[in-house]
Amino acid sequence: MRLVTLTTDFGLSDPFVGIMKGVIASRAPEATIVDVTHGVPPQDVVAGALVLRHAVPYFPAGAVHVAVVDPGVGTARRPLCVETDHGVLVGPDNGLLSLAAGPTDVRRIVHLTDERLFLSPRSGTFDGRDVFAPVAAALVAGTPPRALGAEVPEMERLALREPLRRGRTIEGEVVYVDHFGNLITNVAGGMMGRDAGIRIGETRLRGPAPSYAAVPPGELVAVVGSWGLLEIAVRNGSASARLGASKGERVVVDDAA
Amino acid sequence: MRLVTLTTDFGLSDPFVGIMKGVIASRAPEATIVDVTHGVPPQDVVAGALVLRHAVPYFPAGAVHVAVVDPGVGTARRPLCVETDHGVLVGPDNGLLSLAAGPTDVRRIVHLTDERLFLSPRSGTFDGRDVFAPVAAALVAGTPPRALGAEVPEMERLALREPLRRGRTIEGEVVYVDHFGNLITNVAGGMMGRDAGIRIGETRLRGPAPSYAAVPPGELVAVVGSWGLLEIAVRNGSASARLGASKGERVVVDDAA
Amino acid sequence: MRLVTLTTDFGLSDPFVGIMKGVIASRAPEATIVDVTHGVPPQDVVAGALVLRHAVPYFPAGAVHVAVVDPGVGTARRPLCVETDHGVLVGPDNGLLSLAAGPTDVRRIVHLTDERLFLSPRSGTFDGRDVFAPVAAALVAGTPPRALGAEVPEMERLALREPLRRGRTIEGEVVYVDHFGNLITNVAGGMMGRDAGIRIGETRLRGPAPSYAAVPPGELVAVVGSWGLLEIAVRNGSASARLGASKGERVVVDDAA
């Protein structure tokens, strides 16, 4: 597989992403590189893990997914390569890879110990360039994951708070706020009927509606978004700005299905 | 043609653009994908249409141009494929495609009704992933537009305000503000001579000048920009910030050619 | 070499970068285009030159590097193509290319005078589209640099302030602030020992530490970053915000090695 994806918190104002691509292109000229996003909030491992979980399934099986949200860069935290049913994940062992690699999907976890692959000298601040890009290039060039280091039994896993169900009430929360200000919750669309009561702060909605445009422009609406999750939006506006709500905001669904 | 371009209002902080690329790469691995921009202001169909109009002519004839600025996603607004002399446009039928597809350029308008191509289940919020990316992949893979749905006679067309000419005076307006704060108007450069009087708010300029650098740093200057349109700029600065001006601001040209 | 990189101050909110890619794709369909960054601060030639210096070495030798931070666009400043040991640089003659092209690396400097290659009509505001993209395409298609214009002996070179050494004290300054708010200085890591004293404003640090994570979250730390330069950071935070510091801020190293 020639396809490499990149997911980082590096932003695009610096050359860091470009430098990673230079390393990959130097070592695996046949690679095709696709950006998932570089807009993960700095050091927000949970956001990066959610992004990866919701993006990986849309890429060809076997693609190499490099993810770098890495506050522990330069420490003893392990660099990993994780083979799953959907693709090969490469990144730090801090939970970032764990939501895209469900326990039953994981085929092999490799601690990347073959330092001969890494750039030398290796800096203490940029394993994306020095470790993960070279490993991605090696994978594209045909090196099997098991040749990259020692197989290990486990990796760090994020403990996401799951929505709490009490009878017909579900207590969830906002887990991601997108570019439009849509508030994406951890409540799966399948958990509720078409006319559930939805509370966020002082706001009461009924739904989910079939689309943002089910309400007039400027009004709040609840939908099941593209990640299959309950989402609070403002049609043609920002629910985050309107409600002053961000990650962690409590969302309650009454009359759940 | 293997080339697919993407123009959206999705921004780059989320994985949405990456997910569209994943869908295209999964179904048409031979596609080459180029971003036009994902920085169209949210839901600003007119800005997206202007961007597309000024970008499409610089791409190879026959390229597939996917555009998604789509406040009506999930409603009955039609998804379209529009064949023109310059390329194949794919996006919602809300006027977004209309400035890049002049009435005399259009060869065929197809209402994308072949749902077998779409991702299933199809969400109510992300036709970029579920409809337009799969259609782009099908086009790259050689499916002719006419096989994608039913030919229709018309599409939504934007009614842009044209500059108003009264004798030797032209009343136009700012239609686009770029990253540098340059104020791009709807007045074509060919409508004025080299020493026209230009008024915006309380400001009086003469021009257009041959380049931004025709004035000292920090000063206002009028030029004909790369879109062939009159543009008000500050050399090495932001005219938008300096004048407090944005889209819709009135611009008057006296002594027009 | 099919690889073209792009480094500009165009940002990503407009279609300008996409348009350059369209021109390259039209004239050299075999080109692979990689963004270094388009987030150079507007008109900041020094920042662009630093970015290019630190990115070019990570790309394959012979790649074509197009850089456009060009406040003099439309004037008599020369468009250049510079062959170096590492690659071929294309951009305006304003110092932008000079840090990536050390005096001993330069093989040939060509003033791009062959206007037949340029887009016509050529605008006065967008040589990225009209001059530099076509030239990059010509290089990818195999045109040798010497065929693009007249060889010239010199180009503009930036006179960067070097750190000042007085005995065991080094006076440097912040030369680049990255997306994370890390303050990158002009003091090379090799100039100091592992326990130097570092002063910035009222702050005193010892270091450099091996990684950001050598201190508790939220604390200031000095490291040698991925550019081999002394860098002041806040673990999981922004040193720029914490210290109110930006480019030009004085940094003093005592007890230098």
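**Close-up views of a three-chain predicted model**

**View 1. B:Asp114, a buried acidic side chain in a loop.** B:Asp114 counts as buried, because its relative accessibility is 14% and the cut-off for buried is under 20%. This is a predicted model, so please read every distance below as computed from predicted coordinates. The residue sits in the loop of chain B that runs between β6 (106-112) and α3 (127-140). Look for its partner close by in sequence: the side chains of B:Asp114 and B:Arg116 are joined by a polar contact of 2.9 Å. Once residues up to four places away in sequence are set aside, B:Asp114 touches B:Ala147 and B:Leu148.

**View 2. A:Leu119, a loop residue with a neighbour from another chain.** In chain A, the loop between β6 (106-112) and α3 (127-140) holds A:Leu119. With a relative accessible area of 15%, A:Leu119 is buried. Which residues is A:Leu119 in contact with, leaving aside neighbours within four places in sequence? Within chain A they are A:Val23, A:Arg27, A:Arg129, A:Asp130 and A:Pro134, and chain C adds C:Tyr58. A:Val23 is 96 residues away from A:Leu119 in sequence, yet their C-alpha atoms are 9.0 Å apart in space.

**View 3. Helix α2 of chain B and its surroundings.** Helix α2 of chain B covers residues 45-55, and nine of its eleven residues are buried, so the helix is largely enclosed by the rest of the structure. The buried set comprises B:Val45, B:Ala47, B:Gly48, B:Ala49, B:Leu50, B:Val51, B:Leu52, B:His54 and B:Ala55. What do these buried residues pack against? From chain B come the strands β1 (3-8), β2 (32-37), β3 (63-68), β9 (169-177) and β14 (229-234), while chain C contributes the helix α1 (16-27).

**View 4. A:Leu50, one residue of helix α2 in chain A.** Moving over to chain A, we find A:Leu50 in helix α2 (residues 45-55). A:Leu50 is buried, at a relative accessible area of 4%. Apart from neighbours within four places in sequence, A:Leu50 is in contact with A:Leu99, A:Leu160 and A:Val175. A:Val40 lies ten residues from A:Leu50 along the chain, with 9.9 Å between the two C-alpha atoms.

**View 5. C:Asp254 on strand β15.** Strand β15 of chain C (residues 250-256) carries C:Asp254. A polar contact of 3.4 Å links the side chain of C:Asp254 to that of C:Thr169. Not counting residues up to four places away in sequence, C:Asp254 touches C:Thr169 along with C:Arg168, C:Ala196, C:Gly197 and C:Arg199.

**View 6. A nonpolar surface patch drawn from three chains.** A:Leu12, B:Leu12 and C:Leu12 make up a nonpolar patch on the surface, and together they have about 190 Å² of accessible area. In chain A, Leu12 belongs to the loop between β1 (3-8) and α1 (16-27). Is A:Leu12 buried or partly exposed? A:Leu12 counts as partly exposed, because its relative accessibility is 32%.

**View 7. How the chains are related.** Turning chain A by 120°, with a shift of 0.0 Å along the axis, lays it on chain C with an RMSD of 0.0 Å. That is the relation of a three-fold axis. The two copies use different surfaces, since 4% of the contact residues of chain A recur in chain C. Chain B is likewise superposed on chain C by a rotation of 120° with 0.0 Å of shift along its axis, again with RMSD 0.0 Å. Here too the copies use different surfaces: 3% of the contact residues of chain B recur in chain C.

How values were computed:
Residues numbered from 1 in each chain as written. Chains lettered and ligands numbered in written order. Predicted model: local features only at pLDDT ≥ 70, side-chain atom pairs only at ≥ 80, totals over all residues. Heavy atoms only, no water. Patch = residues over 30% accessible without salt bridge, like charges linked within 9 Å, V, L, I, M, F, W, Y side chains within 5 Å. Areas by Shrake-Rupley, 256 points an atom, 1.4 Å probe, with all protein chains shown as cover. Salt bridge = Lys/Arg side-chain N within 4 Å of Asp/Glu carboxyl O. Helix = DSSP H or I, 4+ residues; strand = E, 2+ residues; numbered from the N terminus. Buried < 20%, exposed > 50% of the residue type's maximum accessible area, 1.4 Å probe, protein only. Least-squares fit on C-alpha atoms with pLDDT ≥ 70 in both. Contact = heavy atoms within 4.5 Å. Polar contact = N/O pair within 3.5 Å; in protein donor to acceptor, adjacent residues only side chain to side chain.
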